[in-house]
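I opened my notebook to look around a new structure, one entry at a time. Come along and keep the picture beside you.

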Amino acid sequence: TLFAFSVTAQEQSIAKVHYLFKHINDTTQRESYLRDEVVTYLGPSSSYFTSYSSARISQQLDQQMSSPTFDGNVVIKGTGAGIKESYLIDFAIPAIDIIKKVGTADFHVVGDFSTPVWQIKEDTKLIGGYTCQLATTTFKGRNYQAWFSPDIPLSYGPWKLNGLPGLILSAQDDKGEVVF
């Protein structure tokens, strides 16, 4: 799937960032939440955000089956249910394509492109060895806090969060219902 979207965007990814995604869909059952390993592939003028769970499972299967000690038993450890939508954002146009998974089929939908309006704060903290700065926004009905690193000069992040003068390494809404 990634190859097809890379061709559509006419550029190859130059890096990828993995996030642990947590989303509380039902606030009356906070202990039952969606949890997934997601990834944002970064290109010179685009990003592609998707679940990484199926790729992780494929890696586990390949590793186990290619082992000289493989005895026919396969153990799969999953990170969650997996998100059902992927997002290809082309900042050069600007446009967003949403790929929705329904069963085994993928449906392509042209989405509404918008960049959050950020307020950059003075607060800093270290994430993964990078000095990050705090930024806040209200976007798609939620108040978000994002930590971005100006040392990584790519204006991307997870999902539709983008537009800061550095890569977003961590983000969440103020209620803790959406966490990257």
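**Entry 1: a first residue.** I began with Phe21, which sits in strand β1. Is Phe21 buried or exposed? Its relative accessible area is 9%, so I wrote it down as buried. I should say right away that I am working with a predicted model.

**Entry 2: a partner far along the chain.** Next I looked up Phe21 together with Trp159. Their C-alpha atoms are 10.0 Å apart in space, although 138 residues separate the two in sequence. Both names came back when I turned to a pocket, as the fourth entry shows.

**Entry 3: the whole chain.** I stepped back to count the elements. The chain has two helices and 11 strands. Reading from the N terminus, I noted the order α-β-β-β-α-β-β-β-β-β-β-β-β. I also checked how much is tucked away: of the 180 residues in the chain, 41% are buried.

**Entry 4: the second largest pocket.** A general thought helped me here: rolling a probe the size of a water molecule over the atoms shows where empty space is left. The second largest pocket holds about 290 Å³ of space. How many residues line the second largest pocket? I found 16, and those nearest its centre are Phe21, His23, Glu85, Tyr87 and Trp159. Three strands each give at least two residues to this lining: β1 (15–23), β4 (85–90) and β9 (142–149). By kind, the lining splits into 10 nonpolar, two polar and four charged residues.

**Entry 5: salt bridges, beginning with Glu85.** My reminder to myself was that side chains of opposite charge can pair when their charged atoms come close. Searching the whole structure gave four salt bridges. One of them joins Glu85 to Lys100, with 3.2 Å from N to O. Lys100 belongs to strand β5 (residues 95–102) and Glu85 to strand β4, so this pair ties together parts that are 15 residues apart in sequence. Lys100 has 33% relative accessibility, so I call it partly exposed. Glu85 is partly exposed too, at 25%.

**Entry 6: Arg142 and its partners.** Which side chain meets Arg142 in a salt bridge of 2.9 Å? That one is Asp173. The two come from distant parts of the chain, with Asp173 in strand β10 (residues 167–173), Arg142 in strand β9, and their positions 31 residues apart. Asp173 has a relative accessible area of 1%, so it is buried, while Arg142 is partly exposed at 23%.

Arg142 also forms a salt bridge with Glu177, where the closest N and O atoms are 3.1 Å apart. Glu177 lies in the loop between β10 and β11 (178–179) and Arg142 in strand β9, so the pair ties together parts 35 residues apart in sequence. At 8% relative accessibility, I wrote Glu177 down as buried. Through shared partners, the salt bridges join Arg142, Asp173 and Glu177 into one network.

**Entry 7: a patch on the surface.** Last, I looked at the outside. Met65, Phe70 and Val74 make a nonpolar surface patch of about 250 Å². Where is Val74? I traced it to the loop between α2 (53–66) and β4. Why does Val74 count as partly exposed? Its relative accessible area is 38%, and the partly exposed class runs between the 20% and 50% limits.

Terms used. Residues numbered from 1 in each chain as written. Predicted model: local features only at pLDDT ≥ 70, side-chain atom pairs only at ≥ 80, totals over all residues. Heavy atoms only, no water. 1 Å grid on protein atoms, 1.4 Å probe; cavity = no way out; pocket = protein on both sides within 12 Å on 5 of 7 lines; lining within 4 Å. Points joined across faces, edges and corners; volume = space filled by probe spheres on them. Helix = DSSP H or I, 4+ residues; strand = E, 2+ residues; numbered from the N terminus. Nonpolar A, V, L, I, M, F, W, Y, C, P; charged D, E, K, R; others polar. Patch = residues over 30% accessible without salt bridge, like charges linked within 9 Å, V, L, I, M, F, W, Y side chains within 5 Å. Areas by Shrake-Rupley, 256 points an atom, 1.4 Å probe, with all protein chains shown as cover. Buried < 20%, exposed > 50% of the residue type's maximum accessible area, 1.4 Å probe, protein only.
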